[in-house]
Amino acid sequence: ITGTLGGILAGHFLTRSWQREQWLLDCRKEEFRELLTALARSYSAIQRITLFGTPLDDHGAEIQAAESDAMTTIRDRIYTSFAVQELKVESRWDKIAMSLISFNHDAHGQFNELMVDLTVAALKNSDERSIFSLRPKR
């Protein structure tokens, strides 16, 4: 009876542990997806405004809203915060947005590079610091 009970308890603990780990990985994946979407939307909005060389004064509020949406998403990451910091997403995005606004053609390449780096980070195994630091102390 003791062996059976011990096996049940061990199985329950392992299942709970695995489910928690899976939940954390799912949260991390979702945060990366949200970040990629926010950056893509903001980039497209700013690009659409600046593409035709229209006076920026006419669209200042739209550009600011697009930049603000991206920055908010960059800064509110929880499960991916270490990856976002390591990839310097905030400073890279700021340079990309400024490049778009100043009609710099390097913006497209910089944006694609950032998106690739984020995608690679999302596909990597979880960063130990962000996942394991969330685990309760034993």
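This is a short walk through a predicted model, with a suggestion at each stop for what to select.

**Stop 1: Trp23 and Tyr79**

The structure has 2 aromatic pairs, and we'll visit both. Start by selecting Trp23 and Tyr79. Their ring centres sit 5.9 Å apart and the planes make an angle of 80°, so this is an edge-to-face pair; the cut-off for that label is over 60 degrees. Now colour the backbone and see what the pair joins: Trp23 belongs to helix H1, residues 2-51, while Tyr79 lies in the loop between helix H2 (60-75) and helix H3 (81-86). The two residues are 56 residues apart, so to speak distant parts of the chain, and the pair links them.

Switch on a surface here. Is Tyr79 buried or exposed? Tyr79 is buried, at 17% relative accessible area. Trp23 has 43% relative accessibility and therefore counts as partly exposed.

**Stop 2: Tyr43 and Phe111**

Stay on H1 but move along to Tyr43, and add Phe111 to the selection. How far apart are the centres of these two rings? They are 4.0 Å apart, with the planes at 10°, so this pair is stacked. Here, too, distant parts of the chain are linked: Tyr43 is in helix H1 and Phe111 is in helix H5 (residues 106-123), 68 residues apart. Both Tyr43 and Phe111 are buried.

**Stop 3: along H5**

Phe111 brings us to its helix, so select all of H5. This helix has 18 residues and spans 26 Å from first C-alpha to last, close to the 26 Å expected at 1.5 Å a residue. Next, show side chains for Ala107, Phe111, Leu114, Met115, Leu118 and Ala121, the buried residues of H5. Look down the axis: these residues cover an arc of only 125°, which puts them on the same side of H5. As background, an α-helix has 3.6 residues a turn, so residues three or four places apart point the same way.

**Stop 4: H2 against H4**

Hide the side chains and select H2 together with helix H4, residues 89-101. Their axes come within 10 Å and cross at roughly 165°, which makes H2 roughly antiparallel to H4. The crossing is right-handed.

**Stop 5: Lys88**

Finish with Lys88, in the loop between H3 and H4. What is worth checking is its backbone: phi of Lys88 is near 55°, a positive value in a residue other than glycine. Most residues other than glycine have a negative phi. With the surface back on, Lys88 shows up as exposed, because its relative accessible area is 54%.

Notes:
Residues are numbered from 1 along each chain as its sequence is written. This is a predicted model: local features need pLDDT of at least 70, side-chain atom pairs count only at pLDDT 80 or more; totals for chains, interfaces and linings use all residues. Side-chain values use heavy atoms; hydrogens and water are left out. Rings of Phe, Tyr and Trp (its six-membered ring) pair if their centres lie within 6.5 Å; planes under 30 degrees apart count as stacked, over 60 as edge-to-face and the rest as tilted. Helices (H or I, at least four residues) and strands (E, at least two) are DSSP runs, numbered from the N terminus. Buried means under 20% relative accessible area, exposed over 50%, partly exposed in between (1.4 Å probe, protein chains only). The expected span of a helix is 1.5 Å times one less than its number of residues. The arc is that of the directions from the helix axis to the C-beta atoms. Axes are lines fitted to C-alpha atoms, for helices over the stretch in contact, and angles run from 0 to 180 degrees between N-to-C directions. Angles under 35 degrees count as roughly parallel, over 145 as roughly antiparallel, 65 to 115 as roughly perpendicular and the rest as oblique. A crossing is left-handed if the near helix is turned anticlockwise from the far one by less than a right angle, and right-handed if clockwise.
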